[in-house]
Amino acid sequence: MHLLCVIPARLGSTRLPQKPLRPLGGEPLIRVVARRALALGLTARVVVAGDDPRILEAVAPLGVEAVLTDRGHRSGTERVAEVARRPEYRNAEIVLNLQGDEPLIPREAALGAVRRVEGGAEIGTAADPLQARDRSHPDRVKVAVDPAGRALDFFRTPVAPACARQPAVLRHVGVYAYRPAALERWIALPPVAEEIEERLEQLRPLRHGMTIGVEPLRVPVPPGIDSEEDLRLVEAAL
């Protein structure tokens with residue numbers, strides 16, 4: 001299997017401006033994420049897809065591939081698709097989208113997302129146990145999962161303890177896997193209202209009937225970085 005890992009990153013984050021360049025452990029966040037992607041050991045082909053030359057400069061010391069992509073992309077998925085279309089990357093059988101704000105993504109999450117695609121899901125992702133402190137946190141994306149491991153819904157709204165049992169509700173982890181054809185189908189779909197309201201791009205393929213397989217992780221993992229608080233939490237974890 002030829003796996004291509006793409007890390008989309010943009011400077012225009014509204015919740016945490018210039019997020020890819022924010023320092024984490026003395027290095028730019030995007031460099032920490034790229035190093036993590038290499039350490040997963042799933043593929044030697046790791047590409048950082050940025051919207052600004054400064055992002056590419058930040059990862060240059062690692063020797064990873066870096067591509068300057070269109071600033072007009074509305075989502076990380078569109079940025080990943082631009083890379084996957086390039087002639088030098090078209091031999092990829094599965095594309096792994098490792099989001100640029102997940103510096104501590106576990107190998108089990110990335111590998112699990114890939115396995116969900118190999119098992120027949122159009123899109124693979126991962127989730128970990130929803131902690132009590134995250135039930136009402138708007139930056140913690142929740143996913144409702146059916147018994148077969150398929151996503152039923154993604155949302156940011158609070159979850160009461162009694163609602164986390166039927167169906168299971170987990171915390172979504174920022175990683176996706178898909179075959180190139182499924183990736184192209186995703187970005188060709190028209191946006192849905194909930195996607196815009198919730199700021200959750202994965203609601204588009206879900207509402208249009210694409211299957212999203214969710215790999216459940218056994219233990220909680222540190223959160224992705226969406227705020228100053230998250231920076232402090234991950235800094236402490238490092």
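**Exercise 1. Backbone outliers in loops**

Determine where Arg199 is placed in this predicted model, and what sign its phi has.

*Solution.* Arg199 sits in the loop that runs between α6 (193-198) and α7 (203-207). The next step is the backbone angle: Arg199 has a positive phi of about 60 degrees, although it is not a glycine. This deserves attention because most residues other than glycine have a negative phi. As for solvent, Arg199 has a relative accessibility of 46% and therefore counts as partly exposed, since that class lies between the limits of 20% and 50%.

A second case can be treated in the same manner. Gln18 is likewise not a glycine, yet has a positive phi of about 55 degrees, and its place is the loop between β1 (3-9) and β2 (23-24). With a relative accessibility of 36%, Gln18 counts as partly exposed.

**Exercise 2. The aromatic pairs**

Find how many aromatic pairs the whole structure holds, and describe the geometry of the pair formed by Tyr176 and Trp186.

*Solution.* The search of the whole structure returns 2 aromatic pairs. In the pair of Tyr176 and Trp186, the centres are 5.6 Å apart and the planes make an angle of 85 degrees, an edge-to-face arrangement. The assignment follows because planes over 60 degrees apart count as edge-to-face. Tyr176 belongs to strand β10 (residues 168-178) and Trp186 to helix α5 (residues 180-188), so this pair ties together parts that are 10 residues apart in sequence. Both Tyr176 and Trp186 are buried.

Tyr178 and Trp186 also form an edge-to-face pair, with 5.8 Å from centre to centre and 85 degrees between the planes. Tyr178 is buried, as is Trp186. Taken as a group, Tyr176, Tyr178 and Trp186 make up one aromatic cluster.

**Exercise 3. Salt bridges and their surroundings**

State how many salt bridges the structure holds, and work out which parts of the chain are linked by the pair of Asp153 and Arg207.

*Solution.* The structure holds 20 salt bridges. In one of them, the side chains of Asp153 and Arg207 meet at 2.8 Å, N to O. This pair links distant parts of the chain, with Asp153 in strand β9 (residues 151-155) and Arg207 in helix α7, 54 residues apart. The relative accessible area is 24% for Asp153, which is partly exposed, and 33% for Arg207, which is also partly exposed.

A further salt bridge joins Arg54 to Asp52 at 2.9 Å, N to O. Here the partners fall into separate classes, for Arg54 is partly exposed with a relative accessible area of 40%, whereas Asp52, at 9% relative accessibility, counts as buried. Glu27 forms a salt bridge with Arg31, whose closest N and O atoms are 3.5 Å apart, and Arg31 is buried, with a relative accessible area of 17%. Finally, Lys19, Asp101 and Asp226 are linked in a network of salt bridges.

Asp226 appears again among the contacts of Asp139, which touches Arg15, Arg156, Asp226 and Ser227 when residues up to four places away in sequence are not counted. Asp139 is found in the loop between β7 and β8 (142-145), and at 16% relative accessibility it counts as buried.

**Exercise 4. Helix α4 and the nonpolar cores**

Compare the span of helix α4 with its expected value, and identify which element gives the most residues to the largest nonpolar core.

*Solution.* Helix α4 (residues 107-118) has 12 residues and reaches 16 Å from its first C-alpha to its last, which is close to the 16 Å expected. Its buried residues include Ala109, Gly112, Val114 and Val117, and the buried residues of α4 pack against β1, β6 (94-98), β7 (123-129), β10 and β11 (212-216). Just after α4, Gly120 takes a positive phi of about 120 degrees.

The largest nonpolar core has 39 residues, and those with the most contacts inside it are Ile7, Ile30, Val48, Leu96, Leu98 and Val175. Among the elements that give two or more residues to this core are β1, β6, α4 and β10, while α1 gives the most, with 6 residues. Ile7 touches, among others, Ile30, Val48 and Leu98. A second, separate core of 33 residues includes Val6, Val47, Tyr178 and Leu189.

Key
Residues numbered from 1 in each chain as written. Predicted model: local features only at pLDDT ≥ 70, side-chain atom pairs only at ≥ 80, totals over all residues. Heavy atoms only, no water. Helix = DSSP H or I, 4+ residues; strand = E, 2+ residues; numbered from the N terminus. Buried < 20%, exposed > 50% of the residue type's maximum accessible area, 1.4 Å probe, protein only. Phe/Tyr/Trp six-rings, centres within 6.5 Å; stacked < 30°, edge-to-face > 60°. Salt bridge = Lys/Arg side-chain N within 4 Å of Asp/Glu carboxyl O. Expected span 1.5 Å × (residues − 1). Contact = heavy atoms within 4.5 Å. Core = buried A, V, L, I, M, F, W, Y, C linked by side-chain atoms within 4.5 Å.
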